[in-house]
2 protein chains.
Amino acid sequence: MQDGPLQHLIKMLAGLPGLGNRSARRIALNMLNNREQTMLPLAELLKRTAEEIITCAICANLDMVDPCSICQNIKRTKSQICVVAQVSDLWAIERTGAYKGQYHVLGGLLSALDGIGPDQLNAASLFGRAQAPEITEVILALSATVDGQSTAHYIADHIGREDLEVTHLAHGVPVGGELDYLDDGTITTALRSRKAG
Amino acid sequence: MQDGPLQHLIKMLAGLPGLGNRSARRIALNMLNNREQTMLPLAELLKRTAEEIITCAICANLDMVDPCSICQNIKRTKSQICVVAQVSDLWAIERTGAYKGQYHVLGGLLSALDGIGPDQLNAASLFGRAQAPEITEVILALSATVDGQSTAHYIADHIGREDLEVTHLAHGVPVGGELDYLDDGTITTALRSRKAG
């Protein structure tokens, strides 16, 4: 059993984000006990997903059609572009149902540590899209981290249209969050941005 | 993107042990960025593993040959059988290199809570194997949990040979373990089993 497919499978699973050797072994053994229900359907599904899911040429969302179903949706407003780092952020916002505009997926954040510069991001096409006169607002829905904020600054600096409203997500106490567990930075920001009523 | 293969894939990944929705989304998106290097090879490997890995008819180990390479290995002693709950326990013992006998994989532990009785375990064939006169020792390498210990009792009670030595793994302080972080039960056992020298 030194170099069989099972050891290769465990090695490959252990390389996925969030998994290590122990969890990879556990998953592999669990799947071997459910070959017909889990292992073979999963293999088929991975192949199908790799073949059928494409990247939207406009916003870089993942979908089975290009342009993606969000870009194609005529019921959504064309005047707003919400900029996110990853498709998972787009999904998070879509789950809320609170936003009905367009998206733009950067595919990452600027990061000096990881050596990710503007050229590695899907940013140039955003600057292109933002020139269209129907766009009135660009919402930067980026993480409140150093990388997220430097990316937001970079985009705001390079968007190149004075009449465009560039907004950020509000900072503050998470809904349902207990003050006692919050960091000082969040409490300070929430205090400074306090509202009447 | 409601019901495409990507959503199905995420749902299926989220059902694997140790994974939830968030980690499944992260893994799926990561794989989509590495289709040729990760996603398609993983699909192929899952299929190959499901087809090629078989359960040893003697000890229930997983291997590409039956009997497995451990049961076939003429350099290993035939007089000892080490009983483990899962193949992952067998692997853990093999990694130490400290054991050169045979194995027997039960496929689980007796559990009143989970409704797992003796019939659900691969125990009957162990009792058969233990009747062979060349077997002199059965080592119960089962977890030091309630389920592990009741399984050990059950096996010791039903092994049906008075002249057979039935042993357990020693309890005590883990090598490299700090006393301060150990539970009372382990410290009590280690104290009672203290050794001279």
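These entries record what I looked up about the largest pocket and about strand 5 of chain B in a predicted model.

**Entry 1: the pocket.** I began with the volume of the largest pocket, which is about 970 Å³. I then listed the lining and found 38 residues. Those nearest the centre of the pocket are B:Ala85, B:Gln86, B:Val87, B:Ser88 and B:Asp89.

**Entry 2: character of the lining.** I sorted the lining residues by class and obtained 20 nonpolar, twelve polar and six charged residues.

**Entry 3: elements at the pocket.** Which element gives the largest share of the lining? I found that helix 5 of chain B does, with seven residues. Both chains appear among the elements that supply at least two lining residues each: helix 2 (21-32) belongs to chain A, while helix 5 (87-96) and strand 5 (137-140) belong to chain B.

**Entry 4: strand 5 of chain B.** I next followed this strand residue by residue. B:Glu137 and B:Ile139 point one way and B:Val138 and B:Leu140 the other way. Are these residues buried or exposed? I noted that all four are buried, B:Glu137 included.

**Entry 5: partners of strand 5.** I looked up the pairing of strand 5 of chain B. Strand 3 (residues 80-84) of chain B pairs with strand 5 in the parallel sense over four bridges, and here B:Gln80 stands opposite B:Glu137. Strand 6 (residues 165-168) of chain B also pairs with strand 5 in the parallel sense, over four bridges. In that pairing, B:Thr167 is the bridge partner of B:Ile139.

**Entry 6: the crossover.** Finally, I checked the connection and recorded a right-handed β-α-β unit, made of strand 5, helix 7 (residues 146-158) and strand 6 of chain B.

Conventions
Residues numbered from 1 in each chain as written. Chains lettered and ligands numbered in written order. Predicted model: local features only at pLDDT ≥ 70, side-chain atom pairs only at ≥ 80, totals over all residues. Heavy atoms only, no water. 1 Å grid on protein atoms, 1.4 Å probe; cavity = no way out; pocket = protein on both sides within 12 Å on 5 of 7 lines; lining within 4 Å. Points joined across faces, edges and corners; volume = space filled by probe spheres on them. Nonpolar A, V, L, I, M, F, W, Y, C, P; charged D, E, K, R; others polar. Buried < 20%, exposed > 50% of the residue type's maximum accessible area, 1.4 Å probe, protein only. Pairing = 2+ DSSP bridges. Right-handed = clockwise from strand over helix to strand, strands pointing away.
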